[in-house]
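Reader: Hi! Could you walk me through this one before I set anything up with it?
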Amino acid sequence: MAEQTARPDIPAGEAYATAAPSTALAARTEGPTPGRGDAAGPRPGPVPGDAPSAPGEPKPDSAVVRDALGVGIAVGLSGFAFGVTSAGSGLTLLQTCVLSLLVFTGASQFALVGAIAAGGNPLAAAAGAFFLGVRNAFYGLRLSQLLALPRFVRPLAAHWVIDETTAVALAQPTRRSARLGFTVTGLTLYVLWNLTTLLGALGAEAIGDTDAWGIDAAGPAVFLALLAPMLRTATERAVAGLAVLLGLGFLPVLPAGVPVLVAAVAAPAVLWLKGRAIGDGVSGGGSTRGGSTRGGSTRDGSTRDGVGRTKKAQRKERER
Amino acid sequence: MSIWIAIGATAVGCYLVKLVGLLVPADTLERPLVQRLAALLPVALLAALTAQQTFSTGQSLVLDARAAGVGAAALALLLRAPFLVVVGVAVAVTAGVRALGG
């Protein structure tokens with residue numbers, strides 16, 4: 001996700017050429033979406049292949065479609081894992097299918113069924129799933145500039161704004177290719193994801209005790225596969241480590257579904273601590289960082305400190 | 001019933017955040033801090049979820065076959081296995097350890 005942070009500085013035109021590969025990679029690997037069937041797998045076209053082409057240089061429609069289908073099929077198939085996990089978590093066939101039809105963002109779906117299986121409050125469970133879906137708003141922001149969709153199409157297109165469609169669209173050299181890539185990826189993925197969800201749920205009902213088959217390990221394995229490519233820098237690793245401590249530490253004492261929300265605080269906490277560390281170092285010559293995105297976020301971060309300090313301090317104490 | 005409430009809330013919430021991105025003026029969410037937080041939030045959530053779903057049952061911390069399965073998945077990730085293989089390894093190892101009485 002480092003790339004995502006860096007990108008706001010890149011002028012829109014350049015973003016196609018320089019940021020697209022990292023975006024695609026970041027979106028795809030990060031994105032908790034429908035399983036990101038390719039999180040670590042063979043990367044379908046758009047990621048490395050198309051990046052070097054000059055911005056604005058037209059690309060054959062067939063090549064765009066091929067890229068889009070590659071991503072859509074690979075990830076779409078992983079809906080099977082969701083269907084099995086959801087059914088194994090005690091959701092009915094209808095509930096499982098409605099989730100894939102109406103939520104259609106994989107990590108949120110896995111998080112929700114996991115929280116329901118743990119017996120949490122429904123709204124706390126939904127909150128965890130919601131926060132995982134928040135990143136899609138940032139994808140939408142990129143896409144709205146790139147695709148320039150008519151207003152009346154946006155409510156429809158919004159449903160397909162997920163990691164994979166964003167990755168494919170951002171990797172395209174022209175608006176026409178981006179629109180085509182977005183549409184083909186979205187359609188392929190939506191159809192397959194829902195179909196495989198149904199098959200997975202039916203399969204789970206057929207085999208009965210899904211735990212005996214180790215299906216309860218599919219959820220955490222999916223999360224881990226989504227997480228692994230994000231752990232690029234010390235900051236991400238620190239956030240992950242702190243989140244694990246918070247998530248496990250509060251599990252026995254807080255209602256189900258709440259500890260994961262507490263763990264989300266690891267993100268601002270680490271940013272704040274980092275901002276403070278950099279702030280301390282500025283007097284000693286931290287000017288190289290001053291102009292970077294990171295420096296910007298640091299400055300922003302420190303303005304929030306006045307508000308956040310006490311809460312975070314308390315949190316840290318509790319954690320110990 | 002409460003499951004339907006959770007499904008409804010998730011569906012509405014997740015759809016609205018997708019829509020917001022397409023509708024708001026472009027510079028609204030462009031502040032570096034907001035971008036940085038949005039990037040790190042999934043890291044925190046996924047890490048916590050991985051740990052919880054591996055090491056807990058209900059509200060108690062446990063160490064069981066899932067730890068072996070997820071550990072094997074981690075190894076597969078290090079070896080750059082494809083996504084579906086990673087999940088498959090986790091499931092197979094967990095089932096195997098359970099079958100052996102783990």
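Author: Happy to; we can go through confidence, the fold of chain A, the contact between the chains and a few backbone angles. Keep in mind that this is a predicted model.

Reader: Good to know. What does chain A average in pLDDT?
Author: The average for chain A is 74, and 70% of the residues score at least 70.

Reader: And where in chain A is confidence lowest, and where highest?
Author: The lowest is helix α1 (residues 2-6) of chain A, with a mean of 33, while α5(A) is the highest at 97. Residues 1-54 of chain A have a pLDDT below 50, and beyond near neighbours in sequence that stretch has 158 contacts in the model. Residues 282-320 of chain A also stay under 50, and there the model has 38 contacts beyond four places in sequence.

Reader: How should I treat coordinates where pLDDT is low?
Author: Where pLDDT is low, the predicted coordinates should not be read in detail.

Reader: Fair enough. How many helices and strands does chain A have?
Author: Chain A has 17 helices and zero strands. Of its 320 residues, 56% are buried. Taking contacts in chain A between residues at least 6 apart in sequence, 75% join residues at least 24 apart.

Reader: I'm looking at helix α4 of chain A. Is it mostly covered or mostly open?
Author: Mostly covered: α4(A) spans residues 79-88, and ten of its ten residues are buried. Among them are F80(A), F82(A) and V84(A).

Reader: What do those buried residues pack against?
Author: Within chain A, the buried residues of α4(A) pack against α3 (61-77), α5 (93-102), α6 (106-117), α11 (175-207) and α12 (218-227). From chain B, α4 (83-99) joins that set.

Reader: So chain B comes in there. How many residues does each chain bring to the contact?
Author: Chain A brings 101 residues and chain B brings 69. On the chain B side, α1 (2-23), α2 (32-55), β2 (60-61), α3 (65-78) and α4 each supply at least two residues. The biggest share there is from α2(B), with 23 residues.

Reader: How does that side of chain B divide into nonpolar, polar and charged?
Author: The side of chain B that touches chain A has 47 nonpolar residues, 15 polar and seven charged.

Reader: Switching topic: which residues of chain B does UniProt annotate as "transmembrane region"?
Author: The unreviewed UniProt entry gives that annotation to residues 6-25, 37-55 and 67-97 of chain B. In the model, residues 6-25 of chain B are 90% helix and 0% strand, with the end C-alpha atoms 30 Å apart. Residues 67-97 of chain B are 87% helix and 0% strand, and their end C-alpha atoms are 10 Å apart.

Reader: Nice. Last thing, backbone angles: what is the phi of F104(A)?
Author: F104(A) has a positive phi of about 45°, although it is not a glycine. You'll find F104(A) in the loop between α5 and α6 of chain A. A148(A), also not a glycine, has a positive phi near 50°, and sits in the loop between α8 (135-147) and α9 (154-157) of chain A. Just after α4(A), G90(A) takes a positive phi of about 100°.

Reader: Why does F104(A) count as buried?
Author: Because F104(A) has 28 C-beta neighbours inside 10 Å, and the cut-off for buried is 20 or more.

Reader: And A148(A), buried or exposed?
Author: A148(A) counts as exposed because it has 10 C-beta neighbours inside 10 Å, and 12 or fewer is the limit for exposed.

Key
Residues are numbered from 1 along each chain as its sequence is written. Chains are lettered from A and ligands numbered from 1 in the order in which they are written. This is a predicted model: local features need pLDDT of at least 70, side-chain atom pairs count only at pLDDT 80 or more; totals for chains, interfaces and linings use all residues. Helices (H or I, at least four residues) and strands (E, at least two) are DSSP runs, numbered from the N terminus. Two residues are in contact if their C-beta atoms, placed from the backbone, lie within 7 Å. Ala, Val, Leu, Ile, Met, Phe, Trp, Tyr, Cys and Pro count as nonpolar, Asp, Glu, Lys and Arg as charged, and the others, Gly among them, as polar. UniProt positions are given in the numbering used here, feature names are shortened, and annotations may be inferred rather than shown by experiment. pLDDT is the predictor's confidence in each residue, from 0 to 100.
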